[in-house]
Amino acid sequence: MNKRKFLKNTVMATTGMTVVPSLVLSSCKTEPKKEETVEPEAAAATATSFVLPPLPYGYDAFPDTIDAMTMEIHHSKHHQGYTNKLNAALKEANISGKTIEEILTMDELPTAIRNNGGGFYNHSLYWDILTPGNEGMSETLATKITEDFGSEEAFKNELATAGAKRFGSGWAWVCQDGDKKLHICSTPNQDNPLMKVAEQMGTPILGIDVWEHAYYLKYQNKRGDYLQNIIKIINWDKVGSRMS
Ligand code: MN3
């Protein structure tokens, strides 16, 4: 079975198995087993859960862009927190056997699942589309971006503006529509364009966190500087591979 097929086939939650969300790539690890003894019933009740994806680089991967302390707190506290609370909310709502995408596209999302499921998905995407070894866009992606935005520069400006204009906390996105066209949008809080509450729906291929916790230690109130810099560490190969 090739890797792509394997990933597609491992997204379903099954009692007794750990769920690997479809957007988490091959580096996902199983959490170490704890020493304590768990009663069989209790183990079955808690077995269906999402797991915090490990970062594909170190906390100190982006010294010029995101400081290591921000990276560590963001991943090990914030993202872990969303993951834990999502699992608790799913258990509470008796939801299992769904991918994170299936959950987020449900007609009516309970608030706790909307917030924490969004937080889980959004951060998983965010970490995945950053890289310390940025080599620019492929010709295919650059051509597509020029078609849909006029130029690479116009695209990057529109993306930074979407993040800068988001009032309060939220995200800036690049999404693909049903007709394959790319568009840029923004959502508040931990919402994302998969959700039916989104002003503009689409399939996210790039997401930038503009919550203050993503940049405040290094940039304080200068969100615009953070946006200009983070666009320089985007893994364009990953972004391109998310297009259908
Ligand atoms: Mn965040």
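Okay, let's start with the sheet: it's an open one with 3 strands, ordered β2-β1-β3, and the pairing is antiparallel. The edge positions go to β2, residues 182-188, and β3, each with a single partner strand, so each has one side without a neighbour in the sheet. From one strand to the next, the twist averages 25°. And before I go on, please keep in mind that this is a predicted model.

Staying with the sheet for a moment, β1 covers residues 170-176, and its antiparallel pairing with β2 runs over 7 bridges. If you want one bridge to click on, take Gln176, whose partner in β2 is Leu182.

Now look at the loop between β1 and β2, where you'll find Lys180. Its phi is positive, about 80°, and this is not a glycine. As background, most residues other than glycine have a negative phi. How buried or exposed is Lys180? It counts as partly exposed, because its relative accessibility is 40%.

There's another residue of that kind further along. Gln220 isn't a glycine either, and its phi is positive, near 50°. Gln220 sits in the loop between α8, residues 216-219, and α9, residues 223-230. With a relative accessible area of 33%, Gln220 is partly exposed too.

Let me zoom out quickly. The protein chain has 10 helices and 3 strands. Reading from the N terminus, the order of elements is α-α-α-α-α-α-α-β-β-β-α-α-α. The chain has 244 residues, and 44% of them count as buried.

Right, on to the metal. Which protein atoms are the donors of the manganese ion? They are NE2 of His74, NE2 of His123, OD of Asp209 and NE2 of His213, at 1.9 to 2.2 Å from the ion. In sequence, the donor residues are spaced H-x48-H-x85-D-x3-H. One pair among them joins distant parts of the chain: His74 is in helix α3 and Asp209 is in strand β3, residues 203-209, with the two positions 135 residues apart. So the metal site takes us right back to β3, the strand we met at an edge of the sheet.

What about accessibility for that pair? His74 has 2% relative accessibility, so it counts as buried. Asp209 has 0%, so it counts as buried as well. The cut-off here is under 20% relative accessible area.

Let's stay on helix α3, since a couple of other residues there are worth a look. Ile73 belongs to this helix, which spans residues 68-93. Ile73 is partly exposed, because its relative accessible area is 36%, whereas His74 counts as buried at 2%. Where does Ile73 show up on the surface? It joins Met69 and Leu217 in a nonpolar surface patch of about 290 Å².

Further along in α3 we have His78. His78 is not in the list of manganese donors, which has His74, His123, Asp209 and His213. Its relative accessibility is 26%, so His78 counts as partly exposed. One distance to put on your screen: the C-alpha atoms of His78 and Phe120 are 9.3 Å apart, for residues separated by 42 positions along the chain.

To wrap up, there are two things I'd leave on the screen. One is the manganese ion with its donors, including His74 and Asp209. The other is the nonpolar patch of Met69, Ile73 and Leu217. That's it from me, thanks.

Technical notes
Residues are numbered from 1 along each chain as its sequence is written. This is a predicted model: local features need pLDDT of at least 70, side-chain atom pairs count only at pLDDT 80 or more; totals for chains, interfaces and linings use all residues. Side-chain values use heavy atoms; hydrogens and water are left out. Patches are made of residues with over 30% relative accessible area and no salt bridge: like charges are joined within 9 Å, nonpolar side chains (Val, Leu, Ile, Met, Phe, Trp, Tyr) within 5 Å. Accessible areas come from the Shrake-Rupley method with a 1.4 Å probe; for residues, only the protein chains shown count as cover. A salt bridge is a side-chain nitrogen of Lys or Arg within 4 Å of a carboxyl oxygen of Asp or Glu. Helices (H or I, at least four residues) and strands (E, at least two) are DSSP runs, numbered from the N terminus. Buried means under 20% relative accessible area, exposed over 50%, partly exposed in between (1.4 Å probe, protein chains only). Donors are N, O and S atoms within 2.8 Å of the metal (3.2 Å for Na, K and Ca); water is not among the atoms, so sites may look incomplete. Two strands pair if DSSP finds at least two bridges between them. Axes are lines fitted to C-alpha atoms, for helices over the stretch in contact, and angles run from 0 to 180 degrees between N-to-C directions.
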